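Q: Hi! I'm new to this one and would like a friendly walk through it. Could you bring it up so we can chat?

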Amino acid sequence: MEKTVIDAHNISKIYNPETIPVYAVNNVHLHLLEGEFTALVGPSGSGKTTLLNLIGGLDKPNEGNIYINGTDITKLSAGKLIDFRLHNIGFVFQSFNLIPVLTAKENAEFIMLLQGIKKSEREKRLQQLFKEIGLEDKTDIRPSQLSGGQQQRVAVARALASRPHFILADEPTANLDSVSASNLLDLMEKLNREENMTFLFSTHDQRVIERARRVITLVDGRIASDSAAVPTSIPHEQVVT
Amino acid sequence: MILLMAWRNIWRNKARSIVIMLSVAIGLFAGIGVLALYKGMMKSRIRAVIDSEAGHLQIHHPDFKKDNHPAFILPDANALLKKVQSFPAVKMAVPRTLAQGMLVTTTGSAGVQINGVVPALEYSASQLKRKIIAGEGFHEGKKNEIVIGKKLADKMKLKLGAKLVLTFTDTADNLVSSAFRVAGIYQSGNAPFDELNVYVSLTTLNEWLLTGNSFHQIAVILKNDDDLQVMQDQLKKTYPSLLVQSWKDLSPETELMVKTVDEYSYIIMIIILVALAFGILNTMLMSILERTKEIGMMVALGTAKAKVFLLVLMETVFLTIAGTPIGFLAAYIVIGYYQKHGLDLSGMGKDMMASFGFETTIYPSFPSEKLVMILAMVICTALLSCLLPALKALRLQPVEALRR
């Protein structure tokens, strides 16, 4: 049986709930299995980033529950949620968001240090990660000296360094040229194929959408279509393994 | 990693950080300078009290201080003097006969404290010889010579060689008067002292007071200032029937002044550091504001809020601490120079300083005993300065911070 990674039930994010309610995410059901390579698409303002933030535990829904590997993250306290993110979720942001005062290697190492991983293990992982992203010769360079594509690769390495259950990427190719975007997608696909890493990314980029194996379309905060063979909503009790 | 980040973060805006570090350095330099100046002034004042006025300790008949009656001489005074001199911690013990009286000239009169002294001993004990600015002082074999302070000489229009009359009561309560000739005019740097105290020969005064070869006071000069309390206790224990007082008991205003100035110096230091704290606070707030997105991202990735707080705290501490050695070093060098060469403050009002008992040339003293306290105050400043920026950083919601 395939393992469920993300199971979101009836989640809604409402701004101004007391006055003029605006539904950024409206009663969404989402079910992701391990190893999926999923694109979240939709026009601007459709709620893609909000949905990613909710799934990533960066924001709390007004309604509904989100289970990550069986843990309802909507019930976690702020402190526990930070710890949960650290150990379970990898993030890749649109504008890379690397720490400018740290080198590429230190950026990737930072998250492992937060996890308390031993130096020998960190070194081993870093060596492997930088080999995978093809930046073995750029480890000691600061982000400002890297190209956008290289920075985003380091961001992927950082997301992978913590050995998360899945990676959330918010428009990862938006700030990249076509070659860098293609290279990044190659890398993400490779990680998905070879390491069975689950990816959920929001995008406008047609090149990304074409390479996704599952495409979920959001319109006005609701799922308008889902190319998945499995239903988008499965009762939690049936899928948690 | 947090420490490394904190250190690198403060160099992201070099000019801003350097300005703050220099502010801390200048603030500390100024603060330590003030402390050193105060310490120098107080040391000078204490030295003046010990060396020129009271000595370290004084021994009297217990009733003498109550009404200053000349009958209250020290019992078996000469034997007592020898015994006191024999204490290893004692550098010198000098006898003094004391009387309160009126100094009368053709132009007026003034109340004075008449000190009957053994000139040779007094010259060393109270450095009277060094302080004489006119005349040679006492001449051997000459009776009825008097050395008066400059302030009194100016007030009574007395010049070297001038005649005056001292009137006082003897041990039998008879009013006696004797004429003296001014053999010297001294200036101690303490105008009120100079106005009040006159010196005559102990033998001469004893003859008029009918105190024989006894005296009222033994002034004790110690080899080491630090032995004061031990020696006072020892003398009190050895001579329980006598009054043994330290300069702190005899000159409580000096002791109070030392304590008050000590407190003032801390207040000045606090004012300087509070002013600095606002500068540091402003810098850190700007730094946090500029890095809102970055901090939001760190929290999003799973950085605990305690670590974010630690980052802001360490940045503030580094920013504050980095200027500290520069401030300390600059203060050490400048104070060292003036400690050797003296700082002439006569331009600030020689008479005013003298009227408070201060020398016009101050030798600032580096307040090494206060360095730990200053360092603690600097760290407290850093901690206080970081609180608001740290709270601002902690309140950042990653989802909002990432949107910026």
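Q: Leaving aside its neighbours within four places in sequence, which residues is Lys13(A) in contact with?
A: In this predicted model, Lys13(A) is in contact with Val22(A), Tyr23(A), Ala24(A), Val25(A), Thr50(A), Leu54(A), Asp59(A), Lys60(A), Pro61(A) and Asn62(A), once neighbours within four places in sequence are left aside.

Q: And where is Lys13(A) found?
A: Lys13(A) belongs to strand β1 of chain A, which covers residues 4-15.

Q: Is Lys13(A) buried or exposed?
A: Buried, because its relative accessible area is 10%, and the cut-off for buried is under 20%.

Q: What does the side chain of Lys13(A) reach?
A: The side chain of Lys13(A) gets to the backbone oxygen of Lys60(A) at 3.0 Å. There is also a polar contact of 3.3 Å between the side chains of Lys13(A) and Asp59(A).

Q: How many residues apart in sequence are Lys13(A) and Asn62(A)?
A: They are 49 residues apart in sequence, while their C-alpha atoms are 5.2 Å apart in space.

Q: New topic, then. Where is the place of Ser202(A)?
A: Ser202(A) sits in strand β8 of chain A, residues 198-203. Ser202(A) is buried, with a relative accessible area of 0%.

Q: What is Ser202(A) in contact with, leaving aside its neighbours within four places in sequence?
A: Ser202(A) is in contact with Leu40(A), Lys48(A), Leu52(A), Ala169(A), Asp170(A), Glu171(A) and Pro172(A), apart from neighbours within four places in sequence. With Asp170(A), there is a polar contact of 2.6 Å between the two side chains.

Q: Let's step back. How many helices and strands does chain A have?
A: Chain A has eight helices and 10 strands. Of its 241 residues, 59% count as buried.

Q: And how many in chain B?
A: Chain B has 17 helices and 12 strands. Its residues number 404, and 51% of them are buried.

Q: What about the accessible surface of chain A and of chain B?
A: For chain A the accessible surface is about 10200 Å², with 47% belonging to carbon and sulfur atoms. For chain B the accessible surface is about 18700 Å², and carbon and sulfur atoms account for 62% of that.

Q: Now the place where the two chains touch. How many residues does the contact take from each chain?
A: The contact takes 25 residues from chain A and 23 residues from chain B. The area buried between the chains is about 2000 Å², with 70% given by carbon and sulfur atoms. On the chain A side, Ile82(A), Val101(A) and Phe110(A) supply 26% of the area that chain A buries against chain B, more than any other three residues.

Q: How many salt bridges are there between chain A and chain B?
A: One. The side chains of Glu106(A) and Arg8(B) meet in a salt bridge, at 2.6 Å from N to O. The largest share of the chain A side, six residues, comes from α3(A).

Q: What classes of residue does that side of chain A have?
A: The side of chain A that touches chain B has 15 nonpolar, four polar and six charged residues.

Q: How many salt bridges does the structure hold over all chains?
A: The structure holds 24 over all chains. One of them joins the side chains of Glu36(A) and Arg214(A), at 3.0 Å from N to O. Glu36(A) lies in the loop between β2 and β3 of chain A and Arg214(A) in strand β9 of chain A, so the pair ties together parts that are 178 residues apart in sequence.

Q: Are Glu36(A) and Arg214(A) buried or exposed?
A: Glu36(A) counts as buried at 14% relative accessibility. Arg214(A) is buried too, with a relative accessible area of 2%.

Q: And in chain B, where does Glu369(B) meet Lys39(B)?
A: Their side chains meet in a salt bridge, at 2.9 Å from N to O. Glu369(B) lies in the loop between β12 and α16 of chain B and Lys39(B) in helix α2 of chain B, so this pair ties together parts that are 330 residues apart in sequence. Glu369(B) is partly exposed, with a relative accessible area of 47%.

Q: Which residues are linked in a network of salt bridges?
A: Lys39(B), Asp262(B), Glu369(B) and Lys370(B) are linked in such a network.

Definitions and conventions. Residues are numbered from 1 along each chain as its sequence is written. Chains are lettered from A and ligands numbered from 1 in the order in which they are written. This is a predicted model: local features need pLDDT of at least 70, side-chain atom pairs count only at pLDDT 80 or more; totals for chains, interfaces and linings use all residues. Side-chain values use heavy atoms; hydrogens and water are left out. Helices (H or I, at least four residues) and strands (E, at least two) are DSSP runs, numbered from the N terminus. Buried means under 20% relative accessible area, exposed over 50%, partly exposed in between (1.4 Å probe, protein chains only). Accessible areas come from the Shrake-Rupley method with a 1.4 Å probe; for residues, only the protein chains shown count as cover. Contact means heavy atoms within 4.5 Å. Buried area is the accessible area (1.4 Å probe) that two parts lose on being put together, summed over both. A salt bridge is a side-chain nitrogen of Lys or Arg within 4 Å of a carboxyl oxygen of Asp or Glu. Ala, Val, Leu, Ile, Met, Phe, Trp, Tyr, Cys and Pro count as nonpolar, Asp, Glu, Lys and Arg as charged, and the others, Gly among them, as polar. A polar contact is a pair of N or O atoms within 3.5 Å; within protein, one must be able to donate a hydrogen and the other to accept it, and residues adjacent in sequence count only if both atoms are side-chain atoms.
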